[in-house]
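I opened the notebook to record what I looked up in this structure, going from sheet to helices to record annotations.

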Amino acid sequence: MALEPEGNNRLLQDVLARPGNETCADCGNPEPDWASLTLGVFVCQACSLLHRSIPHISRVKSVQDTWDASDVELMAATGNNAAKAKYEQKVPAFYYRPTHSDCKMLREQWIRAKYERNEFEFIEKQEPYSAGYREGFLWKRGRDNGQFLSRKFILSEREGALKYFNKQDARDPKAVMKIETLNATFQPAKIGNPCGLQITYLKDNSTRNIFVYHSDAKEMVDWFNAIRAARFHYLQVAFPGASDEELVPKLTRNFMKEGFMEKTGPKHTEGFKKRWFTMDDRRLMYFKDPLDAYARGEVFIGSKENSYTVLSGLPSSTQGYHWNHGITIVTPDRKFLFACETEAEQRDWISAFQRVINRPMRPQEYAGVFLFQHKHGF
């Protein structure tokens, strides 16, 4: 005898409570409240909207709707763990798996790669980012005029570098970015493009930024994962005893915190100036504009074992007009003074600084500290 709709929905809740189904199959968000009837996975609301963009692959339904027995049976027969075993069976270790906090484009391409393009069932489909060499054109923001122009890029694991050329037939690259110091992070809001990628590298121990995008989202994500693959293989050689689990977090990183603060100079007698700040691991950098190629200054943030501390507020002797919510960073050499516009921003910045200061320094971080601190003015 067929169950009433209420009975079907109770059975669905039992299926939802099974191991693996308690988080979104695509981004890991807890308590997913949607399901794909065609794929047999439970997903969060944000990912359900992305599934709607591939209706020929996925048909979604809220778990709060009325369900019939056949749909409940399909969900019971599949579920997130079984779907992962099929659609994620050959995900390379270096491939970036987005979380719910990542940008929409990155999450959508992960969903399309799994269910539409079946990239992780057939290794040959991973050629665009796993071959160790990639060549193509990206729109790059000009350092001086701010215009985006088409530039040729070449990524070569063999040469250990990402290069770009100002002219299509140019023999010499405009810049050579060593894979050793390369980082890439999606910045759609800052760049003003849904596929906007910020690439950073070290040049003479200073951070250099370039901003690129491609009109094709898959193309941009392929470039991103090709950079991660090159970094992965470089680190495997550099740290031969390290496991994949140890190396993967080092491939690329999102910035810990970004935003506007005000700062004053070393003598604390200059006026406070509004600047854009980026906290990238232990490097705190400031820029006049968020899209500047070079930082105006950088400071190394060490650990509490090395006498680094962060304090709420500013010294009573601080002069000049500034925003009301101050932060003081104490280092072995001097104090750095900042001011935030809101208490919430002050709280977030202090939290970011505290996380870095609480983390013991790694041996390799000590090596560059002296050079770094004596090179960068603040």
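I began with the open sheet of the predicted model, in which seven strands run in the order S14-S13-S12-S11-S17-S16-S15 and the pairing is antiparallel. I then looked for its edges and found strand S14 (297-300) and strand S15 (309-312), each of which pairs on one side only. For the twist I noted an average of 35° from one strand to the next.

Within that sheet I followed one pair of neighbours, strand S11 (residues 257-263) and strand S12 (residues 273-280), which are joined in the antiparallel sense over seven bridges. At this pairing I located Lys263, and opposite Lys263 stands Lys273 in S12.

Next I asked which helix packs on the sheet. I found that helix H10 (residues 343-358) does so, touching S11, S12, strand S13 (283-287), S15, strand S16 (325-330) and strand S17 (335-340). The direction of H10 makes about 110° with that of S11.

I turned to a helix pair and recorded that helix H5 (residues 104-116) and helix H8 (residues 217-238) pack at an angle of about 90°, with their axes 10 Å apart. Since angles of 65 to 115 degrees count as roughly perpendicular, H5 and H8 are therefore roughly perpendicular to each other. I listed the residues that meet, namely Met105, Leu106 and Gln109 from H5, and Ala217, Lys218, Val221 and Phe224 from H8. Sorting the residues of this contact by character, I got five nonpolar, one polar and one charged.

I then checked the annotation: in an unreviewed entry, UniProt lists "domain: PH" for residues 131-232 and 254-358. For residues 131-232 I noted 20% helix and 45% strand, with the end C-alpha atoms 13 Å apart. For residues 254-358 I noted 15% helix and 38% strand, with the end C-alpha atoms 19 Å apart.

My last entry concerns Glu245, which lies in helix H9 (residues 244-247). Is Glu245 buried or exposed? I recorded a relative accessible area of 64% for Glu245, and because exposed means over 50%, Glu245 is exposed. I also looked up Glu245 together with Lys86: the two are 159 residues apart in sequence, and from C-alpha to C-alpha they are 22 Å apart in space.

Terms used: Residues numbered from 1 in each chain as written. Predicted model: local features only at pLDDT ≥ 70, side-chain atom pairs only at ≥ 80, totals over all residues. Heavy atoms only, no water. Axes fitted to C-alpha atoms, helices over the stretch in contact; angles between N-to-C directions. Helix = DSSP H or I, 4+ residues; strand = E, 2+ residues; numbered from the N terminus. Parallel < 35°, antiparallel > 145°, perpendicular 65-115°, else oblique. Contact = heavy atoms within 4.5 Å. Nonpolar A, V, L, I, M, F, W, Y, C, P; charged D, E, K, R; others polar. Pairing = 2+ DSSP bridges. UniProt positions renumbered as here; feature names shortened; annotations may be inferred. Buried < 20%, exposed > 50% of the residue type's maximum accessible area, 1.4 Å probe, protein only.
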